[in-house]
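Let's take a friendly walk through this model together. Keep the viewer open and rotate along as we go.

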Amino acid sequence: MKRTAMLALIIGVGVAALVLPGQRTSAEERSQVSISGAGASFPYPIYSRWAFDYQRLTGMKFNYQSIGSGGGIAQIKAKTVDFGASDAPLKADELKEAGLLQFPMIIGGVVPVVNVKGIAPGQLRLTPSLLADIFLGRIATWDHPAIKDANPTLSLPKTAITVVHRADGSGTTWIFTNYLDKVSTEWHEKVGTGKAVDWPVGIGAKGNEGVAVNVQRVNGGIGYVEYAYALQNRMTHTLLQNRAGKFVPPTDETFQAAAANADWEKAPGYYVVLTDQPGDESWPITGASFILVHLEQPDKARAKAMLKFFDWCYRHGVKSAKELHYVAIPENVFTLVEKNWEQELRADGAALWP
Amino acid sequence: MRTRPRRQPKADTFFKYLSAGCAFVLLALIAGLFIELLRGSSQSLAKFGARFITSGAWDPVRQDFGAASSIFGTVVSTAIAMLLAVPVSLVIALLLVELAHPVISRIVGTAIELLAAIPSIIYGMWGLFVFAPFMADYVQPVLGTKLGFLPLFQGPPMGIGMLTAGIILALMVLPFMCAAMRDSLAMVPAVVKESAYGMGSTTWEATRRVSLRYCIAGMVGAVFLGLGRALGETMAVTFVIGNSHSISASLFAPGNSIASTLANEFAEASEPMYASALIELGLLLFVLTFIFQAAARIWLRSVGLTERAKG
């Protein structure tokens, strides 16, 4: 009897200690909306950073689940989240059918990463055909003559190449396979572009994080990750030869150069794919990540709060985007986007922006 | 004098119907699951038919799917796990019940139950960060050089692959089976064992001919438990199996199991045919588990090892 009483007391105190601090008594905080979003893991680092900064500024809570682009699209279609995020843009007819508005939020680069003894970050040079052949399984060891040709100064070991790709469907995969599709006819015929594809060789890992871990784990591994993951995990990235024939490193400048030529205005739903862009400085595997919201918003206050957040990210999020090695959307583009909001987003017939 | 039959008290009748109701709910749940799986996979069943089971394709771009690599991976990883775990858990259970000092038996027994309680994702993470490198650096190179003439042990030692997944699965089901086996061995009445010893049998003879035969039903049940868990295990396998939709003779090669494919790809399957193919994979796993269990029971009955055939 005494023991049960003690046990009940301990459990009660423990539960109270966990629950009570969470109760906020401020009326202001109780009235704050909490916006939920889900989707691509590609922009997850920057979205969570922006959400954190914005919450510190305004107290508004943001919940972003990095479940993948396909998951984001499915959830926004099912109306379980306020906005969805996808690296693979939806085409205009798909947008119309689902009643969604699509706009670009951030631009980033996908980077091939390797784990080969004796190769430092930024040393290995890869041409488009080399990259495609490696991922097609045509080149099986690192000391293959074709790789040696592109890298005459490096001493390449005889290690087997282990390709690491994504096991889950992913917008990062979409951007990467889109690039390979453009530069290799064999890839175009055999594999194609998709969030998930029939990879000819390699092992699959879950998420950008999984690919990073697996490449670091396996000697001779090569994979592709979003640039922020490559930096955070201090991985060995490679140089890629772009359309102009120059070997460029993945940096903010090269991502920006790739995005500079894009014609956002003419593309319906901002359907612009930034891979294999012309320009001496362009990084070949650049991609934009998009936000999807419903044209018809159910809750006016929530929708306005959400749009205010996106506007803040466009105007004031440039610095943190730069810190995390993403490229912010240029001003002329987000002005267009906000005009779209004004013209197309409605809640019960009322305009939501400005 | 005519005697009236005693009417059952109301409480008994109520309890009878309540328990019958609960049992019925369970059956209804299984039936409902099966029907939902059938419905969800109707598109894929209509398009692929029987070809789905034999086709090794998995092309989300061209929407061509086949379950062969997933079924192969599930069966092989489960087989490796069972081959490793069943003998070892039997030996451990025997040790704990028959041979060890009671204190050691209690300590080790508790440790095994704690192992059984570890979430599977922890096994997966441990497998990826600790065990896979160990396999890649120490075990697989040795197997490759010594036994490399067998197609089973060819290929680059990546650490991740079918063998590692099978071993981790074995480590996961071992505590379950061991605990269940130990419990059933412990239920053998002391009087039965002592009568064997009284007749002059050695420890092994008493164990084999008396204890094991007495609780064979419990042992079989423990193996089924482990088998069911191994067939459906998801997170631990996903981390270390390599997630590649290919069939390879080598144990070093990556593969995939039905559960790992579902875990990886279901959330992103935006096309209806893709989702339908994945649900059909789930249906196949359901059917596979059912077939395994039914076949095992039929075989056991034919060999005479069921509950009815005690002693």
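What follows looks at the two chains one after the other, then at the contact between them.

A word before we start: this is a predicted model, and the description should be read with that in mind.

Let's begin with chain A. It contains 15 helices and 15 strands, and its C-alpha trace covers about 70 × 65 × 35 Å along the principal axes. Chain A has 354 residues, of which 49% count as buried. If you like to think in contact maps, consider the pairs in chain A that are at least 6 apart in sequence: 72% of those contacts join residues at least 24 apart.

A good place to zoom in is strand E3 of chain A, which covers residues 83–86. In a regular strand, side chains alternate between the two faces of the sheet. Are the residues of E3(A) buried or exposed on its two sides? Both faces are covered: Phe83(A) and Ala85(A) on one side are buried, and so are Gly84(A) and Ser86(A) on the other.

E3(A) also has strand partners to look at. Strand E1 of chain A, residues 34–39, runs parallel to E3(A) and is joined to it by 3 bridges. Within that pairing, Ala38(A) has Gly84(A) as its bridge partner. Strand E12 of chain A, residues 286–294, pairs with E3(A) in the antiparallel sense, again over 3 bridges. Here Ser86(A) is matched with Phe290(A). Gly84(A) and Ser86(A), which share one side of E3(A), thus give us a handle on each pairing: Gly84(A) is the partner of Ala38(A), and Ser86(A) is the partner of Phe290(A).

Now for two backbone details that may catch your eye on a Ramachandran plot. Lys79(A) has a positive phi of about 60° although it is not a glycine. You will find Lys79(A) in the loop between helix H4 (69–77) and E3 of chain A, on the way into the strand we just visited. How many C-beta neighbours does Lys79(A) have inside 10 Å? There are 10, so Lys79(A) counts as exposed.

His325(A) is the other case, with a positive phi of about 65° although it, too, is not a glycine. His325(A) sits in the loop between helix H14 (318–323) and strand E13 (327–328) of chain A. His325(A) counts as buried because 21 other C-beta atoms lie within 10 Å. The two loop residues therefore fall into opposite classes, with Lys79(A) exposed and His325(A) buried.

Let's move over to chain B. Here there are 13 helices and 2 strands. The C-alpha trace of chain B spans about 80 × 60 × 35 Å along its principal axes, and 39% of its 311 residues count as buried. For chain B, 76% of the contacts between residues at least 6 apart in sequence join residues at least 24 apart.

With so many helices to choose from, how they pack is a natural topic. Two packed helices are described by the angle between their axes and the distance between the axes. Take helix H7 (residues 162–186) and helix H10 (residues 216–232) of chain B: their axes come within 8 Å and cross at roughly 160°. That angle makes H7(B) roughly antiparallel to H10(B), and the crossing is right-handed. From H7(B), the residues involved include Leu169(B), Val173(B), Phe176(B) and Met177(B), while those from H10(B) include Gly218(B), Gly221(B), Ala222(B) and Arg229(B). By type, the residues of this contact divide into 11 nonpolar, 4 polar and 1 charged.

Next, compare helix H4 (residues 68–99) with helix H13 (residues 272–303) of chain B, whose axes come within 11 Å and cross at roughly 35°. H4(B) passes H13(B) in a right-handed crossing. Ser70(B), Ile71(B) and Thr74(B) of H4(B) meet Leu281(B), Leu284(B), Leu285(B) and Leu288(B) of H13(B). That contact consists of 5 nonpolar and 2 polar residues, with no charged ones.

Finally, bring both chains back into view. Their contact takes 22 residues from chain B and 28 residues from chain A. On the chain B side, strand E1 (58–59), helix H6 (120–147) and helix H12 (258–265) are the elements that give two or more residues. Which of them gives the most? H6(B) does, with 3 residues. The side of chain B that touches chain A is made up of 12 nonpolar, 7 polar and 3 charged residues.

Definitions and conventions
Residues are numbered from 1 along each chain as its sequence is written. Chains are lettered from A and ligands numbered from 1 in the order in which they are written. Helices (H or I, at least four residues) and strands (E, at least two) are DSSP runs, numbered from the N terminus. A residue is buried if 20 or more other C-beta atoms lie within 10 Å of its own, exposed if 12 or fewer, and partly exposed in between; C-beta atoms are placed from the backbone. Two residues are in contact if their C-beta atoms, placed from the backbone, lie within 7 Å. Axes are lines fitted to C-alpha atoms, for helices over the stretch in contact, and angles run from 0 to 180 degrees between N-to-C directions. A crossing is left-handed if the near helix is turned anticlockwise from the far one by less than a right angle, and right-handed if clockwise. Ala, Val, Leu, Ile, Met, Phe, Trp, Tyr, Cys and Pro count as nonpolar, Asp, Glu, Lys and Arg as charged, and the others, Gly among them, as polar. Angles under 35 degrees count as roughly parallel, over 145 as roughly antiparallel, 65 to 115 as roughly perpendicular and the rest as oblique. Two strands pair if DSSP finds at least two bridges between them.
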